[in-house]
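Let's take a walk through a protein model together. Keep the sequence and the 3D view open while you read.

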Amino acid sequence: MKTAADRLILTGMMGSGKTTIGRWLARTLGWVFIDIDREIERQTGKSISQLFAEKGEAFFRELEKEVVRRLEGKTGCVIATGGGTVADPYNRRLLARNGRLVYLKASAESLAKRLKDTSDRPLLQAGDVLETIRRLLDEREAAYSAAHWTVTVDGKPPAGTVQEILWRFVENGVQVLDSSLGVFAGPGSLRNLPQLLRERRVTAPVLFLVDERVWKFSQAWLSEWLEKEFSGCSPEIVVWRPSERKKTLATAHWLWGKLHELRLERSGAVVAVGGGVVTDVAGFTASTYKRGVRLFLVPTTLLAQVDAAVGGKTGVNFGGAKNMIGTFYPADAVLLDPLFLLTLPGREFRAGMAEVIKAAVLDSSAAVAFLQRESRAIRQRRLTELTRAIQQAVTFKLQVVKEDLQERSGKRMLLNFGHTLGHAIEAHFGYRIKHGEAVSIGMVAAANLAVQKGLCSPALAASLEALLRRFRLPVQWPDLPFTAVVERLQHDKKRRQGKIRFVLPEDFGAARIAEVDLEVDLRPFLEQKKTPESTGLSSQRSSLTSR
Ligand SMILES: NC(=O)c1ccc[n+]([C@@H]2O[C@H](COP(=O)([O-])OP(=O)(O)OC[C@H]3O[C@@H](n4cnc5c(N)ncnc54)[C@H](O)[C@@H]3O)[C@@H](O)[C@H]2O)c1
């Protein structure tokens, strides 16, 4: 991954979040984090307040200068400066060498609020806190603003600030995963969108459908970038709050209306920026309006990046069933940018990991070994390893779907590993369990069924379970009896004369489609399942069934 410089330096007032943001950035880049104040404390064995009280500010500033000098030339690090460090031009110059200085800008009022109960800030010990902060900000504003970038932190969750800094810092290191299907991946890959639109000869206008939560986190940099890059093609930005309930024809109808108002021609484009609900509904709308306009997908959840947005399926829910109405309509381009995943809630991230693990199990032992080896880095969303995990999963999915884009030959059925029982669990618990969580349990069950049928070794099933646990995914069979599963499988397309076709693993990288007899194989298997760990879920009739 290429970055604009070899180190990042955070400046700004005390209380602006330099330590929290700095640690987060370092973790994401796989770099070390250095806090100048902590370095001084370590070196002297005294707290900053003690040093100020015993030796005075001038002495402290000398020590600070010494640490800055010592850090000169240190690369692969994120440095949090003290509030006054860059007020000294010498420090500023030295820190900026090989680095990018970022000013975390906060208003005096928000800083005062954050610092009101603090007792370890020597400069705030006397007088009114707000007044002191205002004075210090006045004195230092020019020095802070000399940073390469200013990022406003007020009213923004830390994840949004981290993402904004990395959007500026990470240089476009995109990889082409499939040129014929136009699938690209890598941090900052979104930057390729304008060029792709030009290559696909898109003429104005362009409608952007953006997930409201993504907009909340990313608006500061995303709106600035859209304005700069798309001013020539009158972009229409529609911010929408997605939900499975709203993935309907009524939403598609509303979007058709927007396209009609814009007088969008077939050479115009829809760009979807969001999770699987947004990419599915935008894809369906684009594929049907004027028999198909240009479509570009920027999936922002892990599930959408490794599954929903690749493979060419679009859809909306209908008549109580998921994805009942839809089209096969591969997008003109799909941009998989892991920077979006930095703001994704933990549960959504873990649910997406189930699909990443599924692809690795079907793909090869090398793919599984990578996830085992790098599980910590991936869990921490370190960009290099996370990008590779996405690339690995998507490359595998593309290999499978490419030969069968319209799902005619049944080749894509392999991708259903873990899904047959997963869907039953999801539906039984009324979709309060996430799809990925249900697939995780479904994969473990399928692996154990394979062991029971003598198709794979118990060690393989145990290894799969351990991997899922590493990513904090559920693996225990829930309180779901055989009869309820059979009821849920009633409409399964893979069911025939009391038998159902399951994808069962034989090894990592080898799976087969095998017939499982509901009475002979599945009943004893499920009836011996206890529920030692409660999922905290009670069954409920769902309003949606899954297809
Ligand atoms: N077309 C296909 O082949 C295919 C395959 C698998 C799944 N799907 C569909 O995908 C949908 C599920 O997708 P999903 O899991 O992405 O759900 P989703 O789109 O509902 O997104 C999950 C949540 O994450 C939020 N979110 C999205 N990006 C975010 C970000 N970067 N930061 C913070 N929050 C963010 C969303 O607002 C939402 O609350 C289902 O409708 C499913 O049917 C389609």
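What follows covers the ligand and its surroundings, then a few helices, and then some single residues.

First, some ground rules. This is a predicted model, in which local features need a pLDDT of at least 70, side-chain atom pairs count only at pLDDT 80 or more, and totals for chains, interfaces and linings use all residues. Residues are numbered from 1 along each chain as its sequence is written, and side-chain values use heavy atoms, with hydrogens and water left out.

**Around the ligand**

Which residues come nearest to the ligand? They are Arg 213, Lys 247, Gly 276, Thr 301 and Thr 343, out of 24 residues around it. A residue counts as near a molecule or strand if one of its heavy atoms lies within 4 Å of it.

Some of the neighbours pair a polar atom with an atom of the ligand, as the table shows. For reference, a polar contact is a pair of N or O atoms within 3.5 Å; within protein, one must be able to donate a hydrogen and the other to accept it, and residues adjacent in sequence count only if both atoms are side-chain atoms.

| Residue | Polar atom from | Ligand atom | Distance |
|---|---|---|---|
| Gly 276 | backbone | oxygen | 2.8 Å |
| Asp 280 | side chain | nitrogen | 2.9 Å |
| Lys 313 | backbone | nitrogen | 3.0 Å |

How much of the ligand does the protein cover? On its own the ligand has 870 Å² of accessible area, and the protein covers 87% of that. Areas like this come from the Shrake-Rupley method with a 1.4 Å probe; for residues, only the protein chains shown count as cover.

Now for the parts of the fold that build this shell. The elements giving two or more residues to it are helix H10 (212-230), helix H12 (276-288), helix H13 (302-308) and strand E13 (321-325). Helices (H or I, at least four residues) and strands (E, at least two) are DSSP runs, numbered from the N terminus.

The shell is a mix: nine of its residues are nonpolar, six are polar and nine are charged. Here Ala, Val, Leu, Ile, Met, Phe, Trp, Tyr, Cys and Pro count as nonpolar, Asp, Glu, Lys and Arg as charged, and the others, Gly among them, as polar.

**Helices and what sits in them**

Helix H17 runs over residues 383-402, so to speak a 20-residue rod by the numbers: from first C-alpha to last it reaches 27 Å, close to the 28 Å expected at 1.5 Å a residue. The expected span is 1.5 Å times one less than the number of residues in the helix. Is H17 mostly covered or mostly open? It is mostly covered, with 15 of its 20 residues buried. Buried means under 20% relative accessible area, exposed over 50%, and partly exposed in between (1.4 Å probe, protein chains only).

One residue of H17 is Lys 397, which counts as buried because its relative accessible area is 9%. Its C-alpha is 9.9 Å from that of Val 356, although the two residues are 41 apart along the chain.

Glu 355 belongs to helix H14 (residues 346-363). Glu 355 counts as buried because its relative accessibility is 3%. Its side chain makes a polar contact of 3.1 Å with the side chain of His 419.

Ala 366, in helix H15 (residues 365-373), is exposed because its relative accessible area is 53%. From Ala 366 to Pro 481 there are 115 residues in sequence and 36 Å in space, C-alpha to C-alpha.

**Strands, a loop and the cysteines**

Phe 296 has its place in strand E11 and is buried, with a relative accessible area of 1%. The C-alpha atoms of Phe 296 and Gln 380 are 29 Å apart, with the residues 84 apart along the chain.

Next come two backbone angles. Most residues other than glycine have a negative phi. Lys 290, which is not a glycine, has a positive phi of about 50°. Lys 290 is in the loop between H12 and strand E11 (294-299), and it counts as partly exposed because its relative accessibility is 36%. Asn 323 is not a glycine either, and it has a positive phi of about 50°. Asn 323 lies in strand E13 and is partly exposed, at 35% relative accessible area.

How many disulfides are there? The count comes to zero, with a disulfide taken as a pair of cysteine sulfur atoms within 2.5 Å. Cys 77 counts as buried because its relative accessibility is 0%, and Cys 456 counts as buried at 9%.
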